[in-house]
Each structure stands twice: as C-alpha cells, then as structure tokens.
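User: I would like to learn how to read a sheet and a cavity from a model. Please go through them one at a time.

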Amino acid sequence: MGARTRIVSTGMFVPRRIVTNKELESYMDTSDEWIQQRSGIKERRWVSPGETTCSMAVAAARQALERANLKADDIDMIVFGALITDYLFPGTGVLLQRELGFSKPVPALDIRNQCSGFVYALSLADAWVRSGQYKRILIVGSEVHSTSLDLTTRGRDVSVLFGDGAGAMIVEACDENSPHIFDSCLHSEGKFAEVLTVTKPSSNDFPRISDKLSLDTAIYPHMDGKLVFKNAVTRMCQVLIELLGRNNMKPSDLNFVVAHQANMRINQMVLSELGIPFEKTHHTLDRYGNTTMATIPITFDEAVQLGKIKRGDLVAFVAFGAGFTWGANLLRF
Ligand code: UT7
C-alpha cells in the first residue's frame, strides 16, 4: 500500500483588535456600504504592538498541535508562507521553528506564493509525504497586512480588503484506504506580476533604502482590481474543472469548497458558474477580510469546528492571487 497524505488537524489565530468599516471611514474617503457591497467585508482584525507574523503563526500552530495531541518534535518538516515577514531574512519559518520549541533541527521552508500560498504548500507537503521523505508536516500561513497599507484615500481600493491572521494545518502519512489528499493543480502567469504588487524597496534601487523611500507610493500595494477580479473568477473555475476532470469527478460530487477569501462576489460567481450551491461553502471574509495565505486554513478550520465539514467529506480548496498564481487541492477529509 502506497503512502498517502491525510489532514490531521488545523488551528487558527486572529488578533483581538476589530477594525470595522466605520473605523476605516475615519482614515479615508470610503463607506461601510461601498465596502460591504463591493467585497462582502464588514470588519477585519489588525495586530497590536507585540503581535507579529511569527507570533500569530505560533498561536495557530500550537492550536493545531494541541488538537492533534502532538508536540513540536512529532513534526518533521515546516512549510511557512507570508508576504510581510518579521525580518527581511531569515524567513519566518525558522523563527516559528525556534518558538515552537523543537529539540531537533527540523527543516523550515519559506514560500512566497501570496494568496495561493496555501494550495501550493499543501501540494508540496502531499508530494513530500507520498515520496516518503517526511511523515508529518506543519503548514502555516500568517499575515500582518495592517502595518504596511496606505490608509489614505489614495490606497482605499486595496486597504479596505486586507486583514491580519494566521492559519495552520498538520498533515501526515496514511494508507491509501484512509481519507486522503487526491491531487493538486498549480499554475502561474508572471506576465501579470505588476497587476497586484509592492515594488519597493527593490534590488534595482541604489541604494536600496534611501531617505526618499518613505515618500514613494511604490512601498504600498497597488492593484488593478478589475483585472484581478476577472482573472480570479476565470482561473478558479478552470482549475477546479481541470482538477476534478483528471480525477474523474464533477463539481456536483463535492461536499464542500473552501475558496480563498478575497471578494464575496468572486466566490459567488465561481460557485454559480460550476453549479455548486452556496450552502456547500463557508466564508470568513466578512469578519477577517483577506489574510492572503491564511484564508484557506482559517476558513477550513472554522467550517470544521462548526460541523459544516465532516470527516469523509469530499472537499476542494481553491485560490487565486498576485503573480498571478492560482491552484486547487482535492481531498477526502
Ligand atoms: O486575493 C487576490 C487579490 N485581490 C482580489 O481578488 C481583489 C479583486 N478585485 C476586487 O475585489 C474589486 O475589483 C475591488 C473590491 C477592489 C473594487 O471593486 P470594483 O467593483 O472593481 O470597483 P472599481 O475598482 O471599479 O471602483 C469603482 C469606484 C471607483 O470610483 P469611480 O472611478 O467610479 O468614481 C473607485 O475609485 O469605487 C471607487 N473606490 C472606492 N470607493 C469607496 C475604490 N475603492 C473604494 C473604497 N471606498 N474603498
């Protein structure tokens, strides 16, 4: 019997500080009505001093370990992802390794795949487990957006969408008769790299950090929202059809879809295009906004805790983000 990969447990963490759309109205020319109508977001969480990408990752990872009754040393690989990290280098994966209290030097890999980070990480973890190289892998996505957003009217199209939070998942080897991850599809299209981007500080600047940098708007995220929106709908539909098709399944076979939380309208369109009823999904976007790589583990975690997803369910994860990058995973939970 060949080794397959199963989901053992999940964990999540969001900061206590709730930032409502009303509060954003005091920083920029926006409105609760616009934000809710265009994105589905009501509020998001922002870190307070002392909370970091790493501290949130540790909290989410600890919850996943506790729920599985495991300790750090039971993990033999860490895959971590974030856009905004504690340090420029080293990556936050090694900080997480240190904070979790491993007694052995388990490897920690940092990936940079933005909102698609989780589907990429899960695909990688599944391949490693199936190859026999690692038996139990901790995946964590953690994001602090709030400290690097343009909170003026100039940045309102992006700043109202993002929030802070972390999600974790532990996967391990199992036999092929147990519920397991079936397959993953990953894609990227670098010609759209500048459509959603932060371009400074850059290796192209001499010197990289100058006195002028704090006045340069390129230090803030920029996005062509309509182009991202259109591509997100198309690519998320395509990749789900591709993944289901090559596993001889169809959208109606799915018990649940956990989609990246960027915009409620994007997810409504994807589900409606595939004929998947809205009850077969769960959203955290309304309360946490877009937490990039953390959205899928956070949303999956909540759906499992609420009993919306049960052991044995056929579940798909699907995401699209900056790069462009996109992908999906298909699994029996
Ligand atoms: O994780 C992947 C990354 N992100 C995404 O997937 C996001 C994809 N894109 C989107 O979600 C949507 O495009 C947005 C929510 C960003 C924008 O919604 P939209 O329906 O595409 O609006 P728009 O960009 O066409 O803007 C419409 C109007 C503009 O004003 P004018 O030119 O019509 O006068 C904007 O300036 O809304 C204005 N606007 C705002 N108004 C109030 C843009 N942002 C705001 C705001 N508050 N926060």
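User: Which residue is the bridge partner of Gly141 in β7?

Analyst: A bridge is read residue by residue, from one strand to its neighbour. In this predicted model, Gly141 is matched with Gly167 of β7. The two strands involved are β6, residues 136-143, and β7, residues 165-175; they run antiparallel and are joined by eight bridges.

User: In what order do the strands of the sheet lie?

Analyst: Follow the pairings from one side of the sheet to the other. Here the order is β1-β7-β6-β4-β5, an open sheet of five strands with mixed pairing. At the edges are β1 (3-13) and β5 (108-111), each of which pairs on one side only. On average, neighbouring strands are turned by 20 degrees against each other, direction ignored.

User: Which strands does helix α3 lie across?

Analyst: For a helix on a sheet, list the strands in contact, then give an angle to one of them. Helix α3 (residues 53-67) lies across β1, β4 (77-81), β6 and β7, at about 125 degrees to β1. Helix α10 (residues 295-305) lies across β1 and β7, and its angle to β1 is about 90 degrees.

User: What volume does the largest cavity have, and which residues line it?

Analyst: Start with the count, then the volume, then the lining. There is one cavity of 30 Å³ or more, and the largest cavity has a volume of about 40 Å³. Its lining includes Gly81, Leu83, Arg112, Glu143 and Met293. By class, the lining residues are four nonpolar, four polar and two charged.

Key
Residues numbered from 1 in each chain as written. Predicted model: local features only at pLDDT ≥ 70, side-chain atom pairs only at ≥ 80, totals over all residues. Heavy atoms only, no water. 1 Å grid on protein atoms, 1.4 Å probe; cavity = no way out; pocket = protein on both sides within 12 Å on 5 of 7 lines; lining within 4 Å. Points joined across faces, edges and corners; volume = space filled by probe spheres on them. Nonpolar A, V, L, I, M, F, W, Y, C, P; charged D, E, K, R; others polar. Pairing = 2+ DSSP bridges. Helix = DSSP H or I, 4+ residues; strand = E, 2+ residues; numbered from the N terminus. Axes fitted to C-alpha atoms, helices over the stretch in contact; angles between N-to-C directions. Contact = heavy atoms within 4.5 Å.
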